[in-house]
Amino acid sequence: MATSIKKIVAASLIGTTIEWYDFFLYGSAAALVFNKLFFPESDPLTGTLLAFLTYAVGFVARPLGGLVFGHFGDRVGRKALLVVSLLMMGVATFLIGCLPTYETLGPAAALLLTALRLVQGFALGGEWGGAVLIVSEHGDTARRGFWASWPQAGAPGGNLLATGVLAVLAGLQSEEAFLSWGWRVPFLLSGVLVLVGLWIRLSISESPVFQQSAPEERAPIVGVLRHHSKDVLVAIGARLAENISFYLLTVFVITYAKQNGIANSTVLNAVLVSSAIHFVTIPMWGALSDRFGRRPIYLAGAAGIGVWIFAFFPLVDTGNFLAITLAVTVGLLFHGMMYGPQAAFFAELFGTRTRYTGVSIGAQLSAIVAGALAPIIAVALLQQYGSSVPISIYLGLAAVLTLTAVYAARETRGRDLAAASIRSRQASP
């Protein structure tokens with residue numbers, strides 16, 4: 001039986017929020033406590049850099065997850081793979097909360113942490129494509145940008161949840177208690193959240209566009225490489241400024257503020273407020289892309305973040321809560337102009353039986369060079385130059401690359417996803 005689009009959107013949003021909660025929780029913990037608990041023999045900034053290296057490992061696993069989940073998602077369907085990805089992510093996150101630290105297990109503790117981070121990345125690599133596609137393929141053409149942007153809101157929703165839980169714990173506990181056991185609570189909480197997400201995802205129906213499509217005779221990745229190589233490159237380029245900016249604005253900012261003597265609670269609360277605004281405005285950008293096109297909104301966001309980043313760090317340097325909140329909020333609004341239309345934009349680039357693989361590979365390959373490296377490069381630049389200017393130049397250059405990729409792409413608004421599948425098959429030899 002068909003499921004209403006609102007129920008599909010709700011199921012995707014809740015599921016992606018939980019998965020991003022798990023993924024971002026690690027990033028926040030890497031900035032706050034993992035350097036002390038798993039790399040205590042390093043100086044503070046080097047320990048943070050090592051913690052971010054384990055954080056980056058999750059991104060390395062994402063293309064592999066995208067390839068594996070994309071293959072079976074294009075062969076078997078979207079729904080089953082979404083359930084598997086959520087379960088994998090939840091178990092890995094729960095186990096991180098149970099890990100012994102360096103004090104108990106020595107270097108092996110960091111190895112176990114890295115292994116579980118790999119599982120997180122693998123699961124998230126498969127999650128994103130399926131979540132945005134099951135909404136895109138259920139929704140109507142005229143409002144696809146709006147409906148498909150809701151799973152995108154799961155990213156700030158998850159970050160909001162993760163940052164909020166950490167902020168509450170950091171505010172209620174002493175630093176000693178938080179380092180001793182308090183940091184484990186948000187990870188263990190994931191077990192409960194995943195059960196809720198699984199119950200909701202099991203109740204929705206499979207994508208009608210997928211069910212009505214004919215299976216490809218060859219592996220989906222072959223079709224992607226043969227007919228959509230340019231589209232994959234567009235997706236990779238489009239993700240650069242979007243991905244880098246998000247992790248600088250929400251993850252690296254914690255480390256940057258800490259190095260400047262700003263209290264953890266100040267920056268965590270600023271990110272919390274900004275993420276809430278980001279969460280509610282992403283669907284607005286998706287809706288605007290339905291009216292004006294995917295490319296104009298995306299281009300405006302890339303240009304905006306490339307300029308705003310030069311004001312971002314001076315505002316954070318003030319140490320003032322309102323100034324930091326303004327800095328992160330405006331940055332995330334520009335990010336939302338890219339992230340809101342992105343789901344529909346990428347879905348409209350590919351045929352149905354190559355769509356899960358195509359959007360996953362394009363998005364997740366970019367995540368390695370963008371999101372994975374962003375906090376590491378930013379910490380290294382800060383360590384080398386002691387200034388935020390090189391970091392701003394780094395994002396500015398990424399914005400130029402994203403502008404180039406999106407400008408070179410065709411406008412996809414209004415494309416019939418079922419017809420796209422037919423044309424894809426007709427183009428095959």
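Patches are made of residues with over 30% relative accessible area and no salt bridge, with nonpolar side chains joined within 5 Å. In this predicted model, such a nonpolar surface patch is formed by Leu64, Leu67, Val68, Phe72 and Val76, and its area is about 420 Å². One of these residues, valine 68, lies in helix H2, which spans residues 44-75. Valine 68 has a relative accessible area of 30% and is therefore partly exposed.

From the surface, the description can now turn to the interior. In soluble globular proteins, nonpolar side chains tend to be buried together. Here, the largest nonpolar core contains 119 residues, and those with the most contacts inside it are Phe34, Phe38, Trp183, Tyr247, Phe252, Phe312 and Phe346. The most is given to this core by helix H12 (residues 229-259), which supplies 18 residues. A second core, separate from that one, has 11 residues, among them Ile8, Val9, Ala131 and Ile200.

Phenylalanine 38 offers a closer view of the packing. With neighbours within four places in sequence left aside, phenylalanine 38 is in contact with Leu99, Pro100, Thr101 and Tyr102, as well as with Ala109, Ala110, Leu113 and Trp183.

Helix H8 (residues 175-182) brings buried and exposed positions together in one element. Its buried residues are Ala177, Phe178 and Gly182. Because these residues cover an arc of only 100 degrees around the axis, they sit on the same side of H8. Glu175 and Glu176, in turn, are exposed on the other side of H8.

How values were computed:
Residues numbered from 1 in each chain as written. Predicted model: local features only at pLDDT ≥ 70, side-chain atom pairs only at ≥ 80, totals over all residues. Heavy atoms only, no water. Patch = residues over 30% accessible without salt bridge, like charges linked within 9 Å, V, L, I, M, F, W, Y side chains within 5 Å. Areas by Shrake-Rupley, 256 points an atom, 1.4 Å probe, with all protein chains shown as cover. Salt bridge = Lys/Arg side-chain N within 4 Å of Asp/Glu carboxyl O. Helix = DSSP H or I, 4+ residues; strand = E, 2+ residues; numbered from the N terminus. Buried < 20%, exposed > 50% of the residue type's maximum accessible area, 1.4 Å probe, protein only. Core = buried A, V, L, I, M, F, W, Y, C linked by side-chain atoms within 4.5 Å. Contact = heavy atoms within 4.5 Å. Arc of directions from axis to C-beta.
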